[in-house]
Amino acid sequence: MTDFVQLILNLLIFPGGLFAVALGLFLMGIDRKIAARLQRRVGPPVYQPFIDLVKLTRKEMVVPGTAHLQAFWFAPLLGFAGMMAAVTLIPIAGVYQGFKYSGDLLVLLYLLALPAIALMIGGSASSSPFGAVGFSREMVMMMSYELPLLVVLVTIALKVGLATGGIATFSLSEIVQFQLENGALLFDYTMLPALLAFLVFIPGNMGVVPFDIPEAETEIVEGPILEYSGTGLALFKLMTSLKMIVVLGLAIALFFPTPLGKNFLVNLLWFFLKCLVLMVIAITVVRTSTGRVRMDQAFKFYLRYPTVLALISLVLTLLQR
Amino acid sequence: MDFGTLINGSYMIALFGAIVLMVGELVALKQMKNLIQLLIISSIAEIGYILLGLGMGTYEGISGALLHLEYQIVMRGLVFFAAAAFIARGRSHSIEKLQGIGKTMPVTATLFGFGLFSVMGLSPFKGSISKFLIIYAAIQSGHLVFAAMATLGSIIEAVYYLLVIQRLCFEEPVQEGQVAVKVRETSPALMAVLLVLSGLTAFMGLFPEPFIHNVEHAAAVLLGSTGPDQLPVFESPWSTLVLVPYVGGFIVYLVGRFSPALRNLLAVVITSTTVYLAWQGGDFDSLSKLFALIMAFIGFLVTLYSVGYLKGKQYTNRYFFFLLLMLGTLLGLTTSKELGNFYIFWELMTWTSYFLVIHEQSKKALRAGFKYFIMCTSGAYIMHFAILTLHVKLGTFDMAVISANLQVLSPSLMLVVLGMFIIGFGVKTGLAPMHSWLPDAHPVAPSSISAPMSGILTKTGIYGLVRILFVVFGAGLLAELGTAGQFSTIGFVISMLGALTFLVGEIMALRQTDIKKMLAYSTMAQVGEIVITLGIGTYLSLIGTLYHVLNHAIMKNLLFLAVGALIFRLKSQEITKFKGIGRVMPVTALCFSIGILAIMGLPPFNGFISKFLMLYASVQSGHLALAGLILMGSIIGGFYYLKLIRIIFFEKYEGPALKEAPITMLIPIGILTGLAVFNGLYPQAGMALVKPVADLIAAKGQMAVTAIPNVSIVWPMVAVIPIVGALVTYLLGRRSAKVSGWLAVVTMVATLITVFTASSGLDVFSWSFALLIAFIGVLNLLYSLGYMEHGHAQSRFYTFFVLMIGGLLGVAVSRDLFSFFAFWEIMSSWTLYFVIIHEETREALREGFKYFIFNYVGASLMFLGLLVLTAKTGTFEMGELAGRLSALPTGLVALGLILMLLGFAMKAAMLPFRIDYQMHPPTAPTPVSGYISSVLLKSAPFGMTKLFYVFGGVALISKFGLAGEMPSLMYAVAWISALTIVMAAALALLQSGMKRLLIYHTVSQMGYIILGVSLGSSLGVAGGLLHLVNHMLFKNLLFLVAGAIMVKTGIENLDRLGGIGRKMPVTLGVFAIGAFSIAGIPPFNGFTSKWIIYEAAMEKGYVFLALLSLLASVLTLASFVKFLHSAFFGQLPKELENVTEAPWTMQIPMIILAVLCVVFGVFPGIPLSTIVAIESWLGLTPVSVSLFGVDSGLGAWNAGVIAVLLATALIAGIGIYFIGNGKIRYTKIYTCGVTDLKAEEVHVNSHNLYESPKGLVKRCIKVLYQITGLGKGV
């Protein structure tokens, strides 16, 4: 029973739920601020995302009459819930252990698909042609970045598995544990290509420029979320902020979970700092310094460079066996 | 004067005689214009014979010559006088002008023909033996060349005489007017002469003894040697069995002149008496009994059939006369114990059947009859040479005595004699290259004659081969005459002839447009099959051969008689004219198609049993290639046989209304159909006839008697219930479609209960598979109630659906491989075909055909593999097999396993089998497509699991090589399945048909299952089997959803749908569950099983296998999001505004499946607990499980936790909705300000989605085709 309560608390309060949402929104605020600075603008205050959220929940919802209502409302819920659950699976070294089940990496992989699915269902259910186009692009994006992601995950699973028991492992906690004992994979040269691949994966998954193709507000006016407003849109925003934590947290767990000593607060701050740095590198800088590419370009790009990079790591790992 | 010495030295006389006869015959052949001239020249040639006989100077030669002289004077006298009558009437000597004159003068014509045939040595009163004596004398004194010349002369003579007879008596008259004139045929005086001469001829034929005696005397006087009775006695008295039909023929003819009705009755009574007599047996051995019984029985049925068939036709008297005579000769030749009688019957058989072939007297018939007669007679003459040689050497015709004294002969002579016999029999049997008469004669004969021609006449050749080769000579002696590989030389020759015949038959049959010609070629193929096996010459091969003789007699007669009934009404033999005739003559057509299924060798009909035996025998004796050849040929056969079924039943009927065939025709057809089924279900009955024969032969040839495999299908209760239920459904369902539907459901429920309670007798694997089969069966049948509501021929649909499920249940619970395979064939051949093509659209027919052939090929591969494994081990029991296989050579076991594996892989649609050929086509009614996809195809992984772990044993497979720690064979399978997963999922992206899309995903998901099973670890097998269950649930669910949409909208293409989610909320809901499940989203069921499979792959270190299977997930997701969008969301087209939700009968199965998808997702322990039991039964270390998933070790997983997490998060999300401002305002969608767009214009179609990946897939396919050189792109 205590396990169960613990689980619910993890989900709702910390490290998931309230904490993750706050962290995510905060990071987004910082992102916007830095991006503005990089573009020589003043930018909104860091707490702007919080304000936006409250504002959205206060507004009425405008819904297309031809939409499939249940699905239209269900979609943001699905994405939000998926990300809530996913955040709970992310271990924070020295702070939170994550899950002990051996396949949580695979679960995470599938949960990570839920936001995209949510956007697709929402866009499709809205009955808007922009939504449909957006959902199609969302799916293609997913097909693009999924392969490099998979190769990276499998490479790490293999790497850690080979080093520990000879059998590949899909357990995130084991992967973290291994790095705590043997040093972070960030410093393993064979894993560098994989790291690069993962860095490239982040903007694609987060849907930011140059890969914001599914939402592309200047082309298809936000695509899937075009028809969303009020609380529905708020849930999508929450989902995105949670997803930010999931993706960044996953990267950290995979490559650089190393904590700073044993202090809980220090480690939490350390985690925040790592997230921040990673976000700036993989999201903020990227999105302020590039322009949107076309769908087919993105598709080709992902199937070429990050995939090849990840495969290099995989081959190197196999060679080490 | 010592005449003897004078002649003895006169070799010259003989030479002169031979030259005269050859030149004479040749000139006569060229001189075919003037009748009188022809007859004179031929008479001169005949003198050559006499000179030849005299020239031999021996006792036999001289008596032969004298006898010949006596006979010929009388017979030729008859011919000359009859010719004179013709010439007087026709006022011309020219044969051309006299053409058809026999029509106006029937009596003269009959006597003329009688005379000419008698000259040739043939007539209903038997021919003269004088010519034989002359040839005998020539052989005896070593003048083989003369003997050959005399034989050749006889053949030439037969050619021109037959031409004359046909020209004068059977062809249409040239002068039309003559027919109408009713005048006396000829002057009474001439007629009297004719009658006296013919009476004399008949008398001489019937009672030759006084004449023979006479010439013996004369010869003795001439030679001054010892007394009479030294001539070879060609004939012995005929038995009652022969005399009854033979004399009956004359009686029937006479009676028929007064009362046709009485004649018919009499004919039937006589033939039924012969059946009784043959059954009683008599002074003949078991071989004779088997054949005599076949002949008599088929003869009886044919006679009965002919009564109706010939009603109101011409020359019926003649027909029955010759039919009964032919029956008599057939019985005679199969029961005679010495070669003299055998030969006479043989000749008479050809002669009598000739008249039946030309019965309709059309030009074609006459030409074909001519060919038939000449070829068979020539063959017979050659055989006759052999018989005489044997007599010369051994002094007797008695087969038993010959057999006992054969050692006297030199091996080369024996080979020559056998060669001549083989030619004689080969012609009759239709062995290529001596077959050309067969395909000509069959189509032109009345169907009632084609039937026995194919069914039993060709079998006389087989009888002869068996009799001479195996009873007279014996297998032991044959082997001493030389061997070729594992064959005896003779056996090899025969088998090769058989193989050639078989191939010619199968290939030519493909090309025929005349249905009877097609059947004729099919006869060649079947006979070829029989002869191939016969040549192998082992105990088992004889069993198989003889059994197939019996079965083929039944099947082929059934086919010809049924086709005859169709032609009888349709008045055409063109296959294209048969379109849809099954709809107007259902009973006949049904029987016909049972015949077709039987001859294709499909269970549970008789052809399956004997074909199995033959193939078993071939493999058992090491002739794998021959077995392969036969199977390959059968596949060719599948094409044309199935084409017939398709045309007869499923094309549109466009002709006038037709009645069913008359009852006298239906009775024999029905009896034969019954026998075809009976022999299939209860092979022991036929075996009781066949086995004594094989024993006899084995005793003769010191042949090893091997155990006969038990080829009766074991019918488990769980298969019997649905099969019986299906038949009841059909019979009671003809009145009301609703009743039939509910009956089907009730049947399935009863089956389910039976399976559930039958757990004790079954192993847990079979039991749980059977349980799933029945359970999904109930759901899909219930669903069909709604789906089929407005469909056609519902009772047929339910019947075959339930039958198919019955077959599948049989596969699941069979404990021996024979039954396993039999049920496999039942479920994947004809029953499947009939349900797939139920809609009868052009596309359905085409796809069903393809799929049938595909399955047939797969089953054939499996068949061969099964034979390799079982024939050498001698057991079908799966339990025993594993132990015995280890004793066999590794290569052989590998071959067997690989072949079986290929069969399974084809069923599971794994690469490299072309995907568009292997799919169960989307054209089937949806509940069936769903059932096939979700349940039926699982027979493949089911079988594979059994193969790997039960009767093959992983240990055994490991023997032929390891890849890492895994047996290489299983490793290969794992790779194939992983590639299949990705390829099918990628191809699915391109589809816009709902069912096509689903089917590609079936293939992909099957890959997961097989990947898991072939990984060979506890975790892998658990994952594979769990996915098997899960896929059953969600794939069936998805199909049912597609079906619901199709029923309600009438649209199958995703491009034309849109927005129906609002109209069909339940369907949408269950679809979403199904889609999430197949995409593997936690906590739905697909996730757990896929996840175990990934873990299992990674556990073994197969990174790339894991990667491939992981990658497919995202592709799968793409397909289903597309489906979701195009069908349910987006804009609703105008035409679909009135769509409503599916009826409850369809909703309930869908809801049940959806609930199970969720339940098994959250509590994977429920199915896993059974899988654990299966694993321990299979001999694997079971994985440890709990209610929420795998408990310990690497695969530890708790599905419950993730379910709780997601549920809580979802509630939290809903909470946020509640916190928010609840006000809702409805608007139009944003379209950049344009307001006059129609729904269709703002709807994004499925084919507009995913351009880039689709492009990539297409490019990959293109490249693949360029590399492999395969056909066009998708």
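Is V724(B) buried, partly exposed or exposed? In this predicted model, V724(B) lies in helix α32 of chain B, and with a relative accessible area of 44% the residue counts as partly exposed, because that class covers values between 20% and 50%. V724(B) belongs to a nonpolar patch on the surface, which also takes in V728(B), Y730(B), L731(B), L732(B) and V739(B) and has about 500 Å² of accessible area together. Helix α32, spanning residues 717-733 of chain B, gives the most to this nonpolar patch, with five residues.

Further along chain B, H792(B) sits in the loop between α34 (764-787) and α35 (794-813). This histidine is likewise partly exposed, its relative accessible area being 31%, and, leaving aside residues up to four places away in sequence, H792(B) touches H838(B), E839(B) and E840(B). From H792(B) to S1113(B) the separation is 321 residues in sequence and 39 Å in space, C-alpha to C-alpha.

The last part of the picture is the contact between the two chains, to which chain B brings 71 residues and chain A brings 82 residues. The area buried between them is about 6700 Å², with carbon and sulfur atoms giving 78% of it; on the side of chain B, M1098(B), L1205(B) and Y1217(B) supply 11% of the area buried against chain A, more than any other three residues. Polar contact across this interface is found for 10 residue pairs, and there is one salt bridge, in which the side chains of R1225(B) and E60(A) meet at 2.9 Å, N to O. Among the elements of chain B that give two or more residues to the side touching chain A are α50 (1103-1128), α53 (1199-1219) and β7 (1224-1227).

Note on methods:
Residues numbered from 1 in each chain as written. Chains lettered and ligands numbered in written order. Predicted model: local features only at pLDDT ≥ 70, side-chain atom pairs only at ≥ 80, totals over all residues. Heavy atoms only, no water. Helix = DSSP H or I, 4+ residues; strand = E, 2+ residues; numbered from the N terminus. Buried < 20%, exposed > 50% of the residue type's maximum accessible area, 1.4 Å probe, protein only. Contact = heavy atoms within 4.5 Å. Patch = residues over 30% accessible without salt bridge, like charges linked within 9 Å, V, L, I, M, F, W, Y side chains within 5 Å. Areas by Shrake-Rupley, 256 points an atom, 1.4 Å probe, with all protein chains shown as cover. Salt bridge = Lys/Arg side-chain N within 4 Å of Asp/Glu carboxyl O. Buried area = accessible area lost by both parts, 1.4 Å probe. Polar contact = N/O pair within 3.5 Å; in protein donor to acceptor, adjacent residues only side chain to side chain.
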